[in-house]
Amino acid sequence: MSISHAPPSAPEPDISEIPGKDGSLELEPLVPASSRRTRVPRWLRRTTGPVVLVLLWQVLSATGVLTSDVLASPGRIAEVGRDLIADGSLTSAMGTSLQRVAAGLLLGTLVGTGLALVSGLFRIGEDLVDAPVQMLRTVPFVGLIPLFIIWFGIGEAPKIAIITLGVTFPLYLNVYAGIRGVDSQLIEAGESLGLSRWGLVRHVVLPGALPGALTGLRYSLGIAWLALVFAEQVNADSGIGFLMVQARDFLRTDVIVVCLIVYAFLGLLADFVVRSLERLLLQWRPTFTGR
Amino acid sequence: MATDVHRPVTTRRNAPAVRVEGLTRSFDGRAVIDDLRLDVRQGEFVALLGRSGCGKSTLLRILAGLDRDIEGTVLVPRRKAVAFQSPRLMPWKKVWRNVLLGLPGKPGRPVADQALEEVGLGHRADAWPKTLSGGEAQRASLARALVREPDLLLLDEPFGALDALTRIKAQRLVGELWQRRGCAVLLVTHDVEEAVLLADRVLVMDDGVIAHEQHIDLDRPRDITDPRFAELRAGLLERLGVDTAAEAA
């Protein structure tokens with residue numbers, strides 16, 4: 001080493017002066033995550049938002065900012081809701097609507113998943129199926145209502161057909177993407193383990209596509225309710241949509257809001273079902289679950 | 001343990017477990033494996049060394065039957081199993097179901113438990129793969145390979161992603177399992193020490209062929225501090241283009 005020492009006369013560099021006043025580092029405590037988290041249970045936190053909204057709405061109605069012919073107050077709506085349930089009109093309308101959604105969802109799931117399997121699993125299926133589906137997907141399905149009425153009449157068929165159509169495409173896209181997103185290393189591992197073609201599909205491809213499929217199902221459920229509203233406001237004589245059209249003719253904003261709330265709750269219920277499915281079926285997933 | 005090697009298949013020692021002749025595999029006209037010849041005897045432990053990109057993993061994939069775009073003769077036993085560098089467990093199946101995946105018939109849980117016990121993972125049979133540590137996942141992958149009772153076990157850098165301590169344990173485990181099972185093993189690795197530690201024979205692959213062959217006659221269990229061990233290691237490193245004299249300086 002040929003580095004010379006500092007001349008003795010030079011003042012010794014006092015590094016102890018730099019960090020803290022008394023020469024020690026300033027330390028900051030790292031708080032354990034458990035003590036940082038609030039003690040409020042999650043379900044309570046999740047319900048806070050909607051409750052605050054309803055309270056605000058009630059306050060606005062009570063102070064006269066929102067007049068009843070624009071929007072009825074929550075209290076009034078609760079009353080009307082009770083009456084509608086009491087005379088059976090709301091429950092029967094809900095029953096009819098639920099049946100339509102269920103039928104459309106079932107058909108759309110079968111068609112969408114079936115097509116996605118064909119084009120996801122086989123390259124020839126992709127060549128034959130994918131292009132037409134991508135074309136049809138861009139046609140706004142609501143615009144097909146007049147055509148469907150001509151084809152299927154004004155009974156249940158056009159309504160279910162519209163819901164089916166709305167449900168099919170998001171499911172198709174997500175299941176297809178799910179299948180094609182399966183890790184090729186896992187496919188190879190499956191092959192090396194001697195899985196047959198069907199075994200690969202069953203044990204590797206389909207479970208791997210499940211997260212995508214459930215995302216598709218969520219989209220589909222949302223669109224199913226949307227399609228239901230459209231379908232039921234055209235030529236319907238039953239169902240929630242029909243109830244709404246009738247209420248519009250009598251300028252009953254309270255009934256309309258009740259129907260909207262029913263739609264919202266059905267949507268929420270559907271979301272809850274999918275969430276539960278996800279928790280049950282995707283517990284293996286090593287993904288980020290939020291802080 | 002006695003120093004001689006216990007192997008159940010001593011009677012058929014010289015019967016081949018792998019026969020490869022005139023094997024060629026090209027990617028876009030470039031031959032990664034070029035007229036390769038390879039023989040592995042039953043119960044023999046062969047390590048395959050080579051620089052990255054020399055085609056050793058390709059050779060393993062061909063022997064596993066995963067790559068069929070080949071020319072030449074390749075004879076392998078019907079019962080063979082692979083353990084990859086990453087464990088490749090199906091994340092949606094619990095560990096014991098992963099072990100049984102693809103087995104013919106409908107084998108029960110005890111079969112999986114026994115295989116997991118053998119690799120010291122019996123207590124994690126019910127776990128999801130995401131909860132396993134790297135070493136545990138690799139052992140589960142090993143159990144999945146062994147449960148098939150393979151005549152040929154193909155290992156593609158199975159210890160590459162493990163930390164140093166876990167790797168030593170895993171290497172020891174593979175050595176023990178091989179001695180107990182007596183199957184032929186082809187270990188692809190880039191770790192010369194690992195190759196000398198475990199193999200009967202070390203092959204060095206270069207330019208698409210087996211460029212060098214080295215029998216390892218050291219007694220088992222092997223001692224890496226043995227001067228003969230160091231000599232073999234240095235010789236192989238030199239073959240691979242690493243100058244050990246320069247390394248020591």
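In chain A of this predicted model, helix α8(A) and helix α9, residues 197–232 of chain A, have axes that come within 10 Å and cross at roughly 165°. Angles over 145 degrees count as roughly antiparallel, and α8(A) and α9(A) are therefore roughly antiparallel to each other. The crossing in which α8(A) passes α9(A) is right-handed. From α8(A), Leu186(A), Ile187(A), Gly190(A) and Glu191(A) take part in the contact, and from α9(A) they meet Leu200(A), His203(A), Val204(A) and Gly208(A). Sorted by class, this contact of α8(A) with α9(A) has four nonpolar, three polar and one charged residues.

Ala189(A) belongs to α8, which covers residues 184–192 of chain A. The C-alpha atom of Ala189(A) is separated by 9.8 Å from that of Leu200(A), a residue eleven places apart from Ala189(A) along the chain. Around Ala189(A) there are 26 other C-beta atoms within 10 Å. Because the threshold for a buried residue is 20 or more, Ala189(A) is buried. Leaving aside residues up to four places away in sequence, Ala189(A) touches Phe84(B) and Arg88(B), and so this helix leads the reader over to chain B.

The contact between the two chains takes 17 residues from chain A and 13 residues from chain B. On the side of chain B that touches chain A, the classes are nine nonpolar, two polar and two charged residues.

A second helix pair in chain A consists of α4, residues 89–121, and α10, residues 240–249. Their axes are 7 Å apart, and the two helices pack at an angle of about 130°. At this angle α4(A) and α10(A) are therefore oblique to each other. The residues of α4(A) that take part are Ser89(A), Ala93(A), Met94(A) and Ser97(A), which meet Ile240(A), Phe242(A) and Leu243(A) in α10(A). The contact of α4(A) with α10(A) has five nonpolar and two polar residues, and no charged residues.

Chain B contains an open sheet of three strands, in the order β2-β1-β4, with antiparallel pairing. The edges are taken by β2 (30–41) and β4 (71–75) of chain B. Each of these has a single partner strand, so one side of each is left without a neighbour in the sheet. On average, and with direction ignored, neighbouring strands of this sheet are turned by 15° against each other. Strand β1(B), residues 16–27, runs antiparallel to β4(B) and is joined to β4(B) by four bridges. Opposite Glu21(B), in β4(B), stands Thr73(B). Helix α1 of chain B, residues 56–63, lies across β1, β2 and β4 of chain B and runs at about 60° to β2(B).

Further along chain B, strand β8 (residues 201–206) and strand β9 (residues 209–215) pair in the antiparallel sense, over six bridges. Val204(B) has His212(B) in β9(B) as its bridge partner. The hairpin of β8(B) and β9(B) has two residues between the strands, and in this hairpin Asp207(B) takes a positive phi near 55°.

Notes. Residues are numbered from 1 along each chain as its sequence is written. Chains are lettered from A and ligands numbered from 1 in the order in which they are written. This is a predicted model: local features need pLDDT of at least 70, side-chain atom pairs count only at pLDDT 80 or more; totals for chains, interfaces and linings use all residues. A residue is buried if 20 or more other C-beta atoms lie within 10 Å of its own, exposed if 12 or fewer, and partly exposed in between; C-beta atoms are placed from the backbone. Two residues are in contact if their C-beta atoms, placed from the backbone, lie within 7 Å. Ala, Val, Leu, Ile, Met, Phe, Trp, Tyr, Cys and Pro count as nonpolar, Asp, Glu, Lys and Arg as charged, and the others, Gly among them, as polar. Axes are lines fitted to C-alpha atoms, for helices over the stretch in contact, and angles run from 0 to 180 degrees between N-to-C directions. Angles under 35 degrees count as roughly parallel, over 145 as roughly antiparallel, 65 to 115 as roughly perpendicular and the rest as oblique. A crossing is left-handed if the near helix is turned anticlockwise from the far one by less than a right angle, and right-handed if clockwise. Two strands pair if DSSP finds at least two bridges between them.
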